Amino acid sequence: MESGLRLTERYRLVERLGDGGTMEVWRAFDELLDRPVAVKLPAPGGPPRAFQEGVNRAAGLSHPALETVYDSDLTRDAAGRLVPYLVTEFLDGESLADRLRRGRLTAREAASVCGRVAAALDAAHAAGVTHGDLRPGKIMLLRDEVRLVDTGIGGIVRGAPAPATAAADVRALGAVLAACLPSGTSGELPALAARCLSEDAPSAREVADALAGDDALAGDDVPPRRVRMTPAVATVPQATKALPPPVPPR
């Protein structure tokens, strides 16, 4: 795929944002609805059939902390093979992985982020869908919001050796919570992280409920869900206002 290419005469690829090993992620523009979007598709050599199955699962999910799926379809790659692609909302913020490179979160921030991710996992698990590759790079921080991305296709694009499970998702969340907490933190939060990492891990619902409780912060009187996570603005990037001319359809 290349910048300027239009998929199904609607989604114009603008900038390649990265990949997940066997997945390409593009910032794109929906010319029909005049809005920025993200386009995800298997990279050359990736598993198109498994990716399509994951897309079908992701499309049926709905939760405030899950990225919104707009569309999916098929296109042809450079070799002329049909490959599926997924269109989601464009998230203008930073990943938790990028945020952690500047240092760990406060206990309140960690509880806020992981509580919302746990609630998103609970909604996915209730629908029979697992994430499969939960890690800081799959959690996006926006203004007062958190989004878990790639639910349903995470393990596929990573090439997980075994099917993902709900318990594996919770253990991964425990690792994320532990990585977010300041060194030397004591009390309910590190205990919850340790419990998530154990063989007797709680459900995502139990984790969400625990992080929503007033006692999760061991005496802190500010509810964790009111914390502003990042000053990132939720506006359309300037680059989307001056897009390159489209490449003629092939």
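A residue counts as buried when its relative accessible area is under 20%. By that criterion, I139, M140, L141 and L142 of strand β8 are all buried, with I139 and L141 pointing one way from the strand and M140 and L142 the other way. The model described here is predicted. The protein has 7 helices and 9 strands, and 46% of its 250 residues count as buried. This briefing covers the overall content, a sheet of 3 strands, helix α3, the pairing around β6, and two individual residues, A38 and E67.

**Overall content**

- The accessible surface of the protein comes to about 11800 Å². Carbon and sulfur atoms account for 51% of that surface.
- Among contacts in the protein with a separation of 6 or more, 61% are between residues 24 or more positions apart.

**The sheet β7-β8-β9**

- Three strands form an open sheet in the order β7-β8-β9, and their pairing is antiparallel. Strands β7 (94–95) and β9 (145–148) stand at the edges; each has a single partner strand, so one side of each is left without a neighbour in the sheet.
- In general, the strands of a sheet pair through backbone hydrogen bonds, in either a parallel or an antiparallel arrangement.
- Strands β7 and β8 are joined by 2 bridges in the antiparallel sense. In this pairing, S95 stands opposite M140 of β8.
- Strand β8 (residues 139–142) is joined to β9 by 4 bridges, and this pair also runs antiparallel. M140 faces R147 in β9, while L141 stands opposite V146 in β9.
- M140 therefore has an opposite residue in each neighbouring strand, namely S95 and R147.
- Strands β8 and β9 form a hairpin with 2 residues between them. Within this hairpin, D144 takes a positive phi near 60°.

**Helix α3**

- Helix α3 comprises the 20 residues 107–126. At 1.5 Å a residue, α3 should span 28 Å, and its end C-alpha atoms are 28 Å apart, which agrees.
- Of the 20 residues of α3, 16 are buried, so the helix is largely enclosed by the rest of the structure.
- Helix α3 lies across β8 and β9 and runs at about 45° to β9.
- Just after α3, G128 adopts a positive phi of about 80°.

**Strand β6 and its partners**

- Strand β6 (residues 82–89) is mostly covered, with 7 of its 8 residues buried.
- With β5, strand β6 pairs in the antiparallel sense over 7 bridges. R76 stands opposite L82 of β6.
- Strands β5 and β6 form a hairpin with 5 residues between them. In the turn, G80 has a positive phi of about 85°.
- With β4, strand β6 pairs in the antiparallel sense over 4 bridges. V87 of β6 is the bridge partner of V39.

**Residue A38**

- A38 is located in strand β4 (residues 35–42).
- The relative accessible area of A38 is 6%, so this residue is buried.
- Neighbours within four places in sequence aside, A38 is in contact with W26, L86, V87, T88, E89 and F90.
- L13 is 25 residues from A38 in sequence, and the two are 8.9 Å apart in space, C-alpha to C-alpha.

**Residue E67**

- E67 is placed in the loop between α1 (48–59) and β5 (69–76).
- The relative accessible area of E67 is 11%, so this residue is buried.
- The side chain of E67 makes a polar contact of 3.4 Å with the side chain of T88. A polar atom of the E67 side chain also lies 2.8 Å from the backbone nitrogen of D150.
- Neighbours within four places in sequence aside, E67 is in contact with K40, T88, E89, L91, R147, L148, V149 and D150.
- T88 appears among the contacts of E67 and among those of A38. R147, which is in contact with E67, stands opposite M140 in the β8 and β9 pairing.

Methods
Residues are numbered from 1 along each chain as its sequence is written. This is a predicted model: local features need pLDDT of at least 70, side-chain atom pairs count only at pLDDT 80 or more; totals for chains, interfaces and linings use all residues. Side-chain values use heavy atoms; hydrogens and water are left out. The expected span of a helix is 1.5 Å times one less than its number of residues. Buried means under 20% relative accessible area, exposed over 50%, partly exposed in between (1.4 Å probe, protein chains only). Contact means heavy atoms within 4.5 Å. Accessible areas come from the Shrake-Rupley method with a 1.4 Å probe; for residues, only the protein chains shown count as cover. A polar contact is a pair of N or O atoms within 3.5 Å; within protein, one must be able to donate a hydrogen and the other to accept it, and residues adjacent in sequence count only if both atoms are side-chain atoms. Two strands pair if DSSP finds at least two bridges between them. Axes are lines fitted to C-alpha atoms, for helices over the stretch in contact, and angles run from 0 to 180 degrees between N-to-C directions.
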